[in-house]
Amino acid sequence: MASIIANLPETLKIRTSENEVVEVTGKLINESLVIKELFDKNGDIKSDEITIEVKSKELKNAVKVLELCDLEKPHVSMSGYLDLATLKGANLEALEFLNSIPGDDMAALCNLSFTLELARLSDLCLATIAGFIAGKNVIEIREAFGLKNDYTEEEEAEFRKRHEFDV
Amino acid sequence: MLDEINGASENSSNHVHSDEAATNHAEENGVTTNGVLPQANINGIKNGVEGTSATNMMATLTINESRGIDPAEFEIKTKTWSEDFDAMSDRQQQEMVETLLNRMDHHQLGNVDGYIKPLLQRDFIVLLPRNMAESVLSNLDARGLAMASSVSREWRNVIARGSLWRKLIERHVREDSLWRGLSEKRGWKKFLFVTTEQATLLIAIAQGAKNRAEAEAFRATLSDPIWYQHEFYRTLYPQIQGDIALIEQNWKTGRHRLQRINCQSENSKGVYCLQYDDHRIISGLRDNTIKIWNRSNLQCKQVLTGHTGSVLCLQYDDQIIASGSSDATVRIWDVETGTQLNTLIHHSEAVLHLRFHNGMLVTCSKDRSIAVWTMHSAHEIDLRRVLVGHRAAVNVVDFDDTYIVSASGDRTIKVWRTDTCEFIRTLSGHKRGIACLQYRDGLIVSGSSDNSIRLWDIECGACLRVLEGHEELVRCIRFDGRRIVSGAYDGKIKVWDLKTAMDPRTPQPSICIKTLVEHTGRVFRLQFDEFQIVSSSHDDTILIWDFLNADPETVANNAVAAVEPAESDDDDADANDNHMEVEEDEGAGPAPLNGGPAGDGADMADDFMPQQGGAHENGPHDADENNDSDANDNGDDEAPAQQGYLPEQMDYHQPPENNLLAQLEGAGPHAWPRNGVRDLHRAQRQLYDEVRQVRQEYPPLEQIIRLGPSDRNAMVAERELEGQVM
């Protein structure tokens, strides 16, 4: 597929902080505002390799998720409230993959999407995490995230009274 | 016992023997050379293990623990297997792991589960950058947010610092008109869409600070204003929910606060049309005036005069009022000053309804035509097209960017394209003339003289539902995303659930939520929103049914209210029921303009252009006079569907020559008793029933004379075919 921005190459090699080279397509480059601005500033870059201070595993996971997305469909970034139904409709496979990756990798992926301004990836990660929380009660949320209850009995009683749910 | 254990161990699975002896031993026990025990054996052994005593199980476990390969070899194999594993595809890796898991016992699986769980568990809310953590939580609904804030103190901090309760409320206000309206009416909108600092001051003032200075002083004392705000919005949300639930309950039970405006019309009483907003109600009256009422004190603040007939329809926006009248004109007024800006003289008979939107105005008339206008400005309004095709008065019209929809006394609804005015289709189904209609988002809702309401899909023309329940003519109807509200000639207003109405499986009785009875005359017009209904009636009142500030003691009065006619000094006190109370005095109107290109080519053969002169224009209409088909008997705007009554606006002081009743009276209208109005109505109805029955046998003499032989035959044939609907 031709790159959306004229000076973006068809493929690009990214050298990570671990000195590993990961090859990505133009479509994926186009998802990242940071990389696109890099090309904008530097004009046509003759070399097909750039170095970005990211970990290999994180970058590979990001590439994997984005490859599962329908990148032909433009993504409208929603800061704050996400249209989960629309996200799911367009990126079902990517969301299924994200649901299965370990917590550390998920957190790292979120940070990577924030660093490289990968809006679509960011929204997908946030939607996945929101999905872990939605519909659960307090105990289930704590179990899902491995959290400890640091409230006192009195405070919990107050929550129950206020919200009428089982803590 | 030891022999049993040894015996069991010899048959147990999960042995990987590295030496030949062990391999041979394994083969003797059914273990294949690659160390994998067939599945059947595994199941059999596991079942066997489960069947043994606890002691034996412990012994078995102990023995299992003592098995294994040499640690150094284990390390080599692990590395080799890991490399092989990495070379596999995702799918293959998953299958490999599933294969291994299938070989494990419950104890092992439990351990594996305990290992995996923490891998997936991370406190993202703490790990993520703050704005991302807030973004995650801001996607939760109210319950999710409440749960999240109760999970841990850190989560509650994120929610508080992100003002997520406030953002949730703001989101609802943006997306939901009910929330939006409530935020304005209850006054908490001011706490939204402001900066954090402003919010703190406003909250402090709301909670007791006398002025800004005091609020600022209070804010300075707060150790953390974030928590102060958080508590406010967190408490506000359930209050809003409670308010919404109460409003919903009020709609269901009919509990409301009623406000009444007595319009105090001098002569002719009745309020034919209205429109309202938060500040005013603009009403069109039978006494030829437009009255503007102040919502805050229900006082009349302005009276617009100019029409020489009843004001039958109106619409306004932030600049103009457009009104239609039985004087056959449309007038344009300045909405702020009340100055008359323009008069449109086109229709030859009463203007029964109008709508304007986006520079386009559509009017419909008793002259059976629809006029489409381009509004360049209040002073410059040009006639674009005239749509003909209806066979009786066009009682109502509505439109959007795609379609114009009209409904008529001829019992049909017609659909026309807005851009080209091309006729699209006719919707048939009502058994009597159609008095009211609304069209929105592909859905048409119509009310008819047959006492029913119909829902239609505009694209395919299908009737989706028939709502029955009204006992008299359905005179006005409106709907929104949730409800249909209708008003009828018996003074009753009914509230229907739109969603259940659209569901064909819902039984009929479940659709009508409530019947509201307060008007003592025909309900001519109503408008409603999430919080109120505003209705107008022949009883010369405007009622405001407030479901937001309901009086706890008031529950909808379901008793049948006596629908008394207007006071006896009203000329129409004795009037008969009529379908569409359109015009009063039938003075000879201006000659109709050339109708222009017909909009309905398909119906041209049956088209019946407005009469050019003729006896019927010189006096009150007899419903049957200009009828050429049974449809008009029922649908003529002056003729109620069921019986051929005379117009209610009949002027008794000048009995028209063609007025059958007057002829039958012999001595003239003054001989008819004017006391006992209710009895008078009954007597009239009975008389007209008999007259009508007689007249059904023969068409009116005037028509017979006018029609040619073939038309006469066609008309008779049509009547026979339709089986004399009356």
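Reader: How many disulfides does a search of the whole structure find?

Author: A disulfide is a pair of cysteine sulfur atoms within 2.5 Å. The search of the whole structure finds zero over all chains. This is a predicted model: local features need pLDDT of at least 70, side-chain atom pairs count only at pLDDT 80 or more, and totals for chains, interfaces and linings use all residues. Side-chain values use heavy atoms, without hydrogens and water, residues are numbered from 1 along each chain as its sequence is written, and chains are lettered from A and ligands numbered from 1 in the order written.

Reader: Why is Cys263(B) without a bond?

Author: Because its closest cysteine sulfur, in Cys300(B), is 8.4 Å away, too far for a bond. Cys273(B) is in no disulfide either; the nearest cysteine sulfur, that of Cys313(B), is 6.2 Å away.

Reader: Is Cys263(B) buried or exposed?

Author: Buried means under 20% relative accessible area, exposed over 50%, partly exposed in between (1.4 Å probe, protein chains only). Cys263(B) has 2% relative accessibility, so it counts as buried. Cys273(B) also counts as buried, at 2%.

Reader: How many residues has the largest nonpolar core?

Author: Such a core is a set of buried Ala, Val, Leu, Ile, Met, Phe, Trp, Tyr and Cys residues joined through side-chain atoms within 4.5 Å. The largest has 103 residues. Leu137(B), Trp155(B) and Ile169(B) are among those with the most contacts inside it. Domain 1 (163-253) and domain 2 (257-546) of chain B each give this core at least three residues; the bounds come from an automatic or database domain assignment. A second, separate core has 15 residues, including Phe356(B) and Met375(B).

Reader: Which residues does Ile169(B) touch?

Author: Contact means heavy atoms within 4.5 Å. Leaving out residues up to four places away in sequence, Ile169(B) touches residues including Trp179(B), Trp188(B) and Tyr233(B).

Reader: Which side chains meet in a salt bridge?

Author: The rule asks for a side-chain nitrogen of Lys or Arg within 4 Å of a carboxyl oxygen of Asp or Glu. Across the interface of chain B and chain A it finds one. Glu155(A) and Arg153(B) meet in a salt bridge at 2.7 Å, N to O.
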